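Here is a short report on a protein model and its bound ligand, written for someone who likes to follow the contacts in a viewer. Have the coordinates open and read along.

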Amino acid sequence: MKVKEIIEILNAEILCGNQDTDIEVNSACGADLMSDVLAFVKDACVLLTGQINQQVIITAEMMDVSCIVFVRGKRPNTDVCNLADEIGTVVLTTEMTMFEACGRLYASGLAPTKRVER
Amino acid sequence: MIFTETYTVVPRDYVIAGDASRKIKQILKKIGLDADVVRKASIAAYEAEINMVIHSYGGTITLEVGEGRIRMVCVDTGPGIEDIDKAMQEGYSTADEEAQAIGFGAGMGLPNIKFNSDEFNITSSKAGTTLEIIINLPD
Ligand SMILES: Nc1ncnc2c1ncn2[C@@H]1O[C@H](COP(=O)(O)OP(=O)(O)OP(=O)(O)O)[C@@H](O)[C@H]1O
Ligand SMILES: [Mg+2]
């Protein structure tokens, strides 16, 4: 699924970071705990989260996550946005709750990010 | 040795938390290592760094690249881990509210570091905790 489809499905807005909406994502992961994100696979996934601190952006950087969606209309501060600009992750915000945003993406065919086999 | 560098980790400073791991990731990418290897090392470094920020009095991460492997040694100055077996279990955490507020405290860090390492050693006493993380480079 392309970032532009995610924007449409979630009625989302591009906040900062990479503006390229043609980027392809293969799976999605919804989490507020960064260590949960870090224990999941990476490959071109979209991360939905209610956390808006800079550790979310750094977690995305470590995992090569290409798109972050802040739910419930949350907006990070300028420092966090500047970091996203530097790293080049697409950063979106949607008014939807975590539950609704995940549900809509799932219903549109986006696969859950699978945890790496232990 | 292709590269070696030591990074300082400051306790309880949530503004610069992650800086050491970011530098480590950047240098590993610059060296031109395989993306999967870089990701594994980045995850391990970041979990170790955040642990030092959250749980320790601070310390250092020394990165070595060469001899077919990445080696990271994380050393802090205490207070140590009382029960290492417990700490290595998924879900065990003593993280405080401040750490939880920024998304840490799932009790997943140490097991995930081990999972991403080809070799992993941990020792701890009241004087500090030492992690040795080794990730082999593909031929
Ligand atoms: N460097 C350290 N110094 C002292 N105690 C530590 C250190 N690293 C880990 N611990 C202890 O081991 C526990 C488990 O660590 P682990 O990284 O697995 O989980 P966590 O840090 O609590 O949560 P998460 O990593 O999922 O955000 C910690 O809660 C803490 O009690
Ligand atoms: Mg941890």
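In this predicted model, the residues around ligand 1 number 21, and those that come nearest are Ser35(A), Ser93(B), Thr94(B), Gly105(B) and Met108(B). Both chains appear in that list, and ligand 1 indeed lies between chains A and B. Three side chains of chain B deserve a look for their polar atoms, and the table gives their distances to the ligand.

| Side chain (N or O atom) | Atom of ligand 1 | Distance |
|---|---|---|
| Asn51(B) | oxygen | 2.9 Å |
| Asp76(B) | nitrogen | 2.9 Å |
| Ser93(B) | oxygen | 2.6 Å |

How much of the ligand's accessible area does the protein cover? On its own, ligand 1 has 600 Å² of accessible area, and the protein covers 96% of this.

Staying with chain B, let us turn to helix H1, which runs over residues 19-31. What span should its 13 residues have at 1.5 Å a residue? The expected value is 18 Å, and because the end C-alpha atoms of the helix are 18 Å apart, the model agrees with it. Just after H1(B) comes Gly32(B), which takes a positive phi of about 90°.

Several residues of H1(B) are buried, namely Ala20(B), Ser21(B), Arg22(B), Ile24(B), Lys25(B), Ile27(B) and Leu28(B). What do these buried residues of H1(B) pack against? In chain A, their partners are helix H3 (54-63) and helix H4 (78-87). Within chain B, they pack against strand E1 (3-9), helix H2 (35-55), strand E2 (59-66) and strand E3 (69-76).

Glu61(A) offers a view of this packing from the other chain. Glu61(A) lies in helix H3 of chain A and touches Arg22(B), Lys25(B) and Gln26(B), as well as Ile87(A) in its own chain, leaving aside residues up to four places away in sequence. Is Glu61(A) buried or exposed? Its relative accessible area is 11%, so Glu61(A) counts as buried, the cut-off being under 20%.

Elsewhere in chain A, Ala31(A) sits in the loop between strand E2 (27-30) and helix H2 (34-38). With a relative accessible area of 10%, Ala31(A) is buried too. Beyond residues up to four places away in sequence, Ala31(A) touches Val37(A), Leu47(A), Leu48(A), Thr49(A) and Met98(A). Gly50(A) is 19 residues from Ala31(A) in sequence, yet their C-alpha atoms are 7.7 Å apart in space.

Next, the cysteines. How many disulfides does a search of the whole structure find? The count over all chains is zero. Cys45(A), for one, is in no disulfide: the nearest cysteine sulfur belongs to Cys29(A) and is 5.5 Å away, whereas a disulfide needs the two sulfur atoms within 2.5 Å. Cys45(A) is buried at 3% relative accessibility, and Cys16(A) is buried as well, at 6%.

A last stop in chain B is Met88(B), which has its place in the loop between helix H3 (84-87) and helix H4 (97-101) of that chain. Which residues are in contact with Met88(B), leaving aside its neighbours within four places in sequence? They are Leu110(B), Pro111(B), Lys114(B) and Phe120(B). Measuring from C-alpha to C-alpha, Gly128(B) is 16 Å from Met88(B) in space, with their positions 40 residues apart in sequence.

Note on methods:
Residues are numbered from 1 along each chain as its sequence is written. Chains are lettered from A and ligands numbered from 1 in the order in which they are written. This is a predicted model: local features need pLDDT of at least 70, side-chain atom pairs count only at pLDDT 80 or more; totals for chains, interfaces and linings use all residues. Side-chain values use heavy atoms; hydrogens and water are left out. Helices (H or I, at least four residues) and strands (E, at least two) are DSSP runs, numbered from the N terminus. Contact means heavy atoms within 4.5 Å. Buried means under 20% relative accessible area, exposed over 50%, partly exposed in between (1.4 Å probe, protein chains only). A residue is near a molecule or strand if one of its heavy atoms lies within 4 Å of it. A polar contact is a pair of N or O atoms within 3.5 Å; within protein, one must be able to donate a hydrogen and the other to accept it, and residues adjacent in sequence count only if both atoms are side-chain atoms. Accessible areas come from the Shrake-Rupley method with a 1.4 Å probe; for residues, only the protein chains shown count as cover. The expected span of a helix is 1.5 Å times one less than its number of residues.
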